[in-house]
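Thanks for coming, everyone. I have one structure to walk through today. Let's put it up.

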Amino acid sequence: MKRIAILGSTGSIGTQALEVISEHRDQFEVEVITANTNAELLIKQAIEYKPNAVVIANKDKYREVYDALSGLDIKVYAGEESIEQIVEMSSIDTVLTAMVGFSGLKPTLKAISAGKQIALANKETLVVAGEIVTESAREKGVNIYPVDSEHSAIFQCLAGEFQNKIEKIYLTASGGPFRGMTENELENVTKNEALKHPNWNMGAKVTVDSATMMNKGLEAIEAKWLFGLEPFQIDIIVHPQSIIHSLVQFEDGSLKAQMGLPDMKLPIQYALGYPYRLKSPAKRFSFADYPNLTFESVNTKIFRNIALAYESLNKKGNMPCIMNAANEVVVAAFLCNKIKFLRMPDVIEKCMAKATYIIKPSLEDYIESDKESRELAINLLK
Ligand code: MN
């Protein structure tokens, strides 16, 4: 039995992780679930899965959760600090980090220093502070299992290859809902259009990131830290059908790909069940449905976020953190109709030029940089 803590249980990854656990009750136990603000769903999940403890980050919702769960022998806590503390609980084996954005960083670091295995769905943690996170995991002998589908694909391709060097990887991208559109056509695209992802069912933040292609930029940075790669070893290829989830190229020129229908439950259960592949009732791939798998290069002149992400990757230090913070601000603004689609990279670029650059940042520096870049971005939005 693996005892799991799910940080962000009410989000898209969190709810799908609970479905995976339901299908494998003999393997997993839900030890802790946490949510940002969705008390109603958190309560429902707690009643169904009977975790040892729940945390609601939004303190205003504490009473509601506490009252609903009274008499159920489930501990109830509130506040972001409680999320950071609860991951240290001795009964937890694996922490699934499925919260959105920068907020995942501190609890992930706490979980690592407490020696918990990590199933990482929160890519921003590695984007912001990949060096500190991977160093501390190495020190503690903690494994970080990727939940992001591309990185799970690469991880799956690496099974049995640990003595072999990676020459390069290809991260596949669906291209999102705006693939192939011109700048003119993108001028007035709306939030609702951006939220209609052609293949994947995901949360709002990552879906907008997919539309702007920042998601792939963040994933390039995530890959650097997970697999110890240099920027030139990380390539992005647009593959609109989302059947090949990513590829590894070895030094003999061989390419290994991992394929399947797009379904986040597969990478979630691979990360939770590793090294075992657990049975899944999911629909199987049919060649008849996909006579053509196609590939295109990515247009970084239109989807400038990719270029900005590689720039931050090459600059190193706190530059990815600065870029990520600005991106979180513009995506939130876009979701409130406060910024146009094509203006988002402009704001990010300006923040990258203006924020204080630090080549070897400490954790405190990252927290400061995140704050500084957010303030810069908010001012640019006025
Ligand atoms: Mn992904």
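**From a strand to a metal site**

Let me start at tyrosine 77. Leaving aside neighbours within four places in sequence, tyrosine 77 contacts Ala53, Val54, Val55, Ile56, Tyr62, Ser82 and Ile86. Tyrosine 77 sits in strand β4, residues 75-78. Take valine 55 from that contact list. Its C-alpha atom is 4.7 Å from that of tyrosine 77, and the two residues are 22 apart along the chain. Is tyrosine 77 buried, exposed or partly exposed? It is partly exposed, because its relative accessible area is 36%, and the cut-offs are under 20% for buried and over 50% for exposed.

Before going further, a word on what you are looking at. This is a predicted model.

Now the overall picture. The protein has 16 helices and eleven strands. Its C-alpha trace spans about 60 × 50 × 40 Å along the principal axes. Why call the radius of gyration consistent with a compact globule? Because a compact globule of 382 residues would have a value near 21 Å, and the protein has 20 Å. Of those 382 residues, 54% are buried. Now look at contacts between residues at least 6 apart in sequence: 68% of them join residues at least 24 apart. The accessible surface comes to about 16,800 Å², and carbon and sulfur atoms account for 50% of that. On charge, there are 42 positive and 48 negative, and their mean positions are 1 Å apart.

Next, the metal. Which residues coordinate the manganese ion? Asp148 through OD, Glu150 through OE and Glu219 through OE, at 2.0 to 2.1 Å. Along the chain, the donors follow the spacing D-x1-E-x68-E. Aspartate 148 and glutamate 219 link distant parts of the chain, 71 residues apart. Aspartate 148 is in the loop between β7 (144-146) and α7 (149-157). Glutamate 219 is in helix α11, residues 214-227. Aspartate 148 has a relative accessible area of 8%, so it counts as buried. Glutamate 219 is buried too, at 1%.

Step back along the chain to α10, residues 204-212. This helix is mostly covered, with seven of its nine residues buried. Among them are Lys205, Val208 and Asp209. What covers them? The cover of the buried α10 residues includes α6 (123-140), α9 (191-194), α11, α13 (304-315), α14 (319-335) and α15 (344-354).

Right after α10 comes methionine 213, in the loop between α10 and α11. Its phi is positive, about 70°, although it is not a glycine. At 4% relative accessibility, methionine 213 is buried.

Asparagine 337 is another non-glycine with a positive phi, about 60°. It lies in the loop between α14 and α15. Buried or exposed? Asparagine 337 is exposed, with a relative accessible area of 59%.

One more backbone point. Tyrosine 274 and proline 275 are joined by a cis peptide bond, with omega about 5°. Proline 275 is in the loop between α12 (265-273) and α13.

Last stop, threonine 94, in strand β5, residues 94-97. Threonine 94 is buried, at 6% relative accessible area. Not counting residues up to four places away in sequence, it touches Lys2, Arg3, Ile4, Ala5, Gln117, Ala119 and Leu272.

That's the tour. Questions, please.

How values were computed. Residues numbered from 1 in each chain as written. Predicted model: local features only at pLDDT ≥ 70, side-chain atom pairs only at ≥ 80, totals over all residues. Heavy atoms only, no water. Helix = DSSP H or I, 4+ residues; strand = E, 2+ residues; numbered from the N terminus. Rg over C-alpha atoms; globule rule 2.2 N^0.38 Å. Buried < 20%, exposed > 50% of the residue type's maximum accessible area, 1.4 Å probe, protein only. Contact = heavy atoms within 4.5 Å. Areas by Shrake-Rupley, 256 points an atom, 1.4 Å probe, with all protein chains shown as cover. Lys, Arg positive; Asp, Glu negative; His and termini not counted. Charge placed at Lys NZ, Arg CZ, Asp CG, Glu CD. Donors = N, O, S within 2.8 Å, 3.2 Å for Na, K, Ca; no water.
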